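The following paragraphs lead the reader through a single protein chain, from its surface to its interior. Please keep the sequence and the model at hand while reading.

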Amino acid sequence: MNIKRVIHYQLFDLGKAFLIYYFIILSIILLGGGVVIISSGNATFNGTGFSSTVFCFIAGLCMFREYFYLFSQNGVSRKTTYIGTLSSIALLSALMSIIEVLFVYLSRLFPSDRIRFMHFMDIFTQVTASSSLALQILLDLILTFLIIITCFSAGYLIAVLFYRSSKILKIGIAAGLPVLLFLGLPLLAYIFPEAAARCGKLLMTISGLESGNPLITMLTLVITTAFLNIVNYFAVRKAEL
């Protein structure tokens, strides 16, 4: 089994889940928009960005164990498995970014004073206000692609690390991550407010939110994705059946 077959299998397998996901999203958008128009009300849709990032993160979590066993049993090397998986992730991210941006601009067919569909580039209002439509679409595509592929890569890394961990460490990862995110970090921020403020300022800077520059955001996402996938590569190469 070569890289093309690995990609084809994964895309075909995951494609069904993506079709169901976007069918549900499109139904919600059309139903919500129809209700607003019929009722003569106003509405702001948060867009599909957040739900799609969560969906891609979960999809990343599910992309290692089953495929690793399947491809290994069919004589596929770990390197080929990883390259095929990374290619699948990149293709899915590109397709999803096109669909996400398409949703945003198709939503403009609704009356703009009654329905607003938010998207990632809305964070950078100064850029979108002074840019042409073509540049807005290009920036939207690039930013959405980078966010989605980062979520895929992060989910995949957690799946690989979880697979390679001992039983005790698996319990620690499964129970520790939610505790750290929802209890540990807020508690540390409360105990060390000055350090938390400095960390917050650093995050605002490297994310581009402080300067309002999406290029900084994109650069940070590129570096993050590259780091995650380098770690993924070495983790997959050392994974055992």
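In which helix does Phe182 lie? The model, which is predicted, places Phe182 in helix α7, a helix that covers residues 167–191. The relative accessible area of Phe182 is 67%, and this residue is exposed because the value is over the 50% cut-off. Phe182 also belongs to a nonpolar surface patch of about 1100 Å². The other contributors to this patch are Leu177, Leu180, Leu181, Leu185, Leu187, Leu188, Tyr190, Ile191 and Phe192.

With this surface feature in place, the overall architecture may be considered. The secondary structure of the chain consists of nine helices and two strands. Followed along the sequence, these elements appear in the pattern α-β-α-α-α-β-α-α-α-α-α. The chain has 241 residues, of which 37% are counted as buried.

The interior is best approached through its largest nonpolar core, which comprises 41 residues. Within this core, the residues that touch the most other members are Phe18, Met63, Phe64, Met96, Leu143, Phe152 and Tyr156. At least two core residues are supplied by each of the helices α1 (3–39), α2 (49–61), α3 (65–73), α4, α6 (133–164) and α9 (214–237). Helix α6 provides the largest share, with 12 residues.

Helix α6 also holds Ser153. Is Ser153 buried or exposed? Its relative accessibility is 0%, so Ser153 is classed as buried, the limit being under 20%. In sequence, Ser153 and Leu61 are 92 residues apart, whereas their C-alpha atoms are separated by 8.9 Å in space.

A second example of a buried residue is Phe71, located in helix α3. Phe71 likewise has a relative accessibility of 0% and counts as buried. Its C-alpha atom is 9.9 Å from that of Asn2, a residue 69 positions away in sequence.

Helix α1 includes Leu26, for which the relative accessibility is 36%. Leu26 is therefore partly exposed, since this value falls between the 20% and 50% limits. The C-alpha atoms of Leu26 and Phe103 lie 8.6 Å apart, although 77 residues separate the two along the chain.

Attention may now turn to charged side chains. Lys79 is found in helix α4, which spans residues 78–106. Together with Arg164, Arg237 and Lys238, Lys79 forms a patch of positive charge on the surface. How accessible is Lys79? Its relative accessible area is 48%, and Lys79 is partly exposed; the value is over 30%, so Lys79 passes the accessibility cut-off for membership of a patch.

Side chains of opposite charge can pair when their charged atoms come close. How many salt bridges does a search of the whole structure find? The search returns one. Glu210 and Lys201 form a salt bridge in which the closest N and O atoms are 2.8 Å apart. The pair qualifies because this separation is within the 4 Å limit. Glu210 is partly exposed, at a relative accessible area of 45%.

The final position to examine is Leu219, in helix α9. Leu219 has a relative accessible area of 53%, and this residue is exposed because the value is over 50%. The C-alpha atom of Leu219 is separated by 8.7 Å from that of Ser207, and the two residues are 12 apart along the chain. Helix α9 thus presents two aspects to the reader: Leu219 is an exposed residue of this helix, while the helix also supplies at least two residues of the largest nonpolar core.

Technical notes
Residues numbered from 1 in each chain as written. Predicted model: local features only at pLDDT ≥ 70, side-chain atom pairs only at ≥ 80, totals over all residues. Heavy atoms only, no water. Patch = residues over 30% accessible without salt bridge, like charges linked within 9 Å, V, L, I, M, F, W, Y side chains within 5 Å. Areas by Shrake-Rupley, 256 points an atom, 1.4 Å probe, with all protein chains shown as cover. Lys, Arg positive; Asp, Glu negative; His and termini not counted. Charge placed at Lys NZ, Arg CZ, Asp CG, Glu CD. Helix = DSSP H or I, 4+ residues; strand = E, 2+ residues; numbered from the N terminus. Buried < 20%, exposed > 50% of the residue type's maximum accessible area, 1.4 Å probe, protein only. Core = buried A, V, L, I, M, F, W, Y, C linked by side-chain atoms within 4.5 Å.
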